[in-house]
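This briefing looks at charged side-chain pairs and at a metal site. Please keep the coordinates at hand while reading.

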Amino acid sequence: MDRAKALALVKEQLTDKRYEHTIGVMETAIVLAGKFGVDSKKAELAAIFHDYAKFRSKEEMEKIIVDQNMPKQLLEFHSELWHAPVGAYLVRMEAGIHDEDILQAIRFHTTGNKNMNILDKIVFLADYIEPGRKFPGVEDVRKVALENLDEAVVMALRNTIKFLLDKKQPIYPDTLETYNTLISYQKTS
Ligand code: DGI
Ligand code: FE
Ligand code: FE
């Protein structure tokens, strides 16, 4: 699918603000893909579609999680997490994207996953560091992302985990597992 078609499909799903975020994620993901030798077309499409399900109702997302046998545990955590796996499903069903690499990057973009590959890390980080993001610490992650993907993912996860702790929110196991996996990998490498 070409970029114009993909952007037209997501534009219908998103607010103007979220669409601008999506453009930032797309541009950032393409830069990172070039830097780390990943298929830039896959990075582009995964980034364009990563928040496709962001504005679906909780009821629709819950039904998809149950009907499609996604981890039931998701339902015990904040509904903010649901748009990632539900998005992967809807992008296949509604946009006709069947590339498993693209769908997995969408699925893992919010929590990460201990088995995430380079494309997954690129989309996860592009979502975190795109130019529209302003939160504390993002500038440090922007710099490190161009040098070391794993270290940058660890920094982003550490910030997110701290943010959730401060808000007295639970932390989804995949988020912690990803953090633990990448930080121990760094120690031994
Ligand atoms: O969809 P975006 O806003 O672009 O970004 P995202 O998909 O990374 O979602 C970020 C939100 O998800 C943010 O409000 C924090 C929340 N989040 C991320 N990981 C976890 C989490 N919330 C909980 N409860 N647990 C997590 O592990
Ligand atoms: Fe998201
Ligand atoms: Fe996003």
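Is D127 buried or exposed? D127 is buried, with a relative accessible area of 9%, and this description, like everything below, refers to a predicted model. The residue is a useful starting point, since D127 takes part in a salt bridge with R133 and is also listed among the protein donors of the iron ion (ligand 3).

**The iron site**

- The iron ion (ligand 3) has as its protein donors H21 and H50, each through NE2, together with D51 and D127, each through OD, and these donors lie 2.2 Å from the ion.
- The pair D51 and D127 links distant parts of the chain, for D51 sits in the loop between α3 (40-49) and α4, whereas D127 belongs to helix α7, and 76 residues separate them.
- Along the sequence, the donor residues of this ion follow the spacing H-x28-H-D-x75-D.
- A distance of 3.6 Å separates the iron ion (ligand 3) from the iron ion (ligand 2), and D51 coordinates both of them.
- D51 has a relative accessible area of 2%, and it counts as buried because that value is under 20%.

**Salt bridges with a buried partner**

- In the salt bridge between R133 and D127, the closest N and O atoms are 3.0 Å apart; R133 is partly exposed at 23% relative accessibility, while D127 is buried at 9%.
- D150 and K121 also form a salt bridge, with 2.6 Å between their closest N and O atoms.
- This pair links distant parts of the chain, since D150 lies in helix α9 (residues 149-166) and K121 in helix α7 (residues 118-129), 29 residues apart.
- D150 is buried, with a relative accessible area of 10%, and K121 likewise counts as buried at 10% relative accessibility.

**A salt bridge within one helix**

- D67 forms a salt bridge with K63, in which the closest N and O atoms are 2.6 Å apart.
- Both residues of this pair, D67 and K63, lie in helix α4 (residues 58-67), where they are four residues apart, about one turn of the helix.
- D67 is partly exposed, its relative accessible area being 43%, whereas K63 counts as exposed at 52% relative accessibility, because the value is over 50%.

**The overall count**

- Side chains of opposite charge can pair when their charged atoms come close.
- The count of salt bridges in this model comes to 14.

Terms used. Residues numbered from 1 in each chain as written. Chains lettered and ligands numbered in written order. Predicted model: local features only at pLDDT ≥ 70, side-chain atom pairs only at ≥ 80, totals over all residues. Heavy atoms only, no water. Salt bridge = Lys/Arg side-chain N within 4 Å of Asp/Glu carboxyl O. Helix = DSSP H or I, 4+ residues; strand = E, 2+ residues; numbered from the N terminus. Buried < 20%, exposed > 50% of the residue type's maximum accessible area, 1.4 Å probe, protein only. Donors = N, O, S within 2.8 Å, 3.2 Å for Na, K, Ca; no water.
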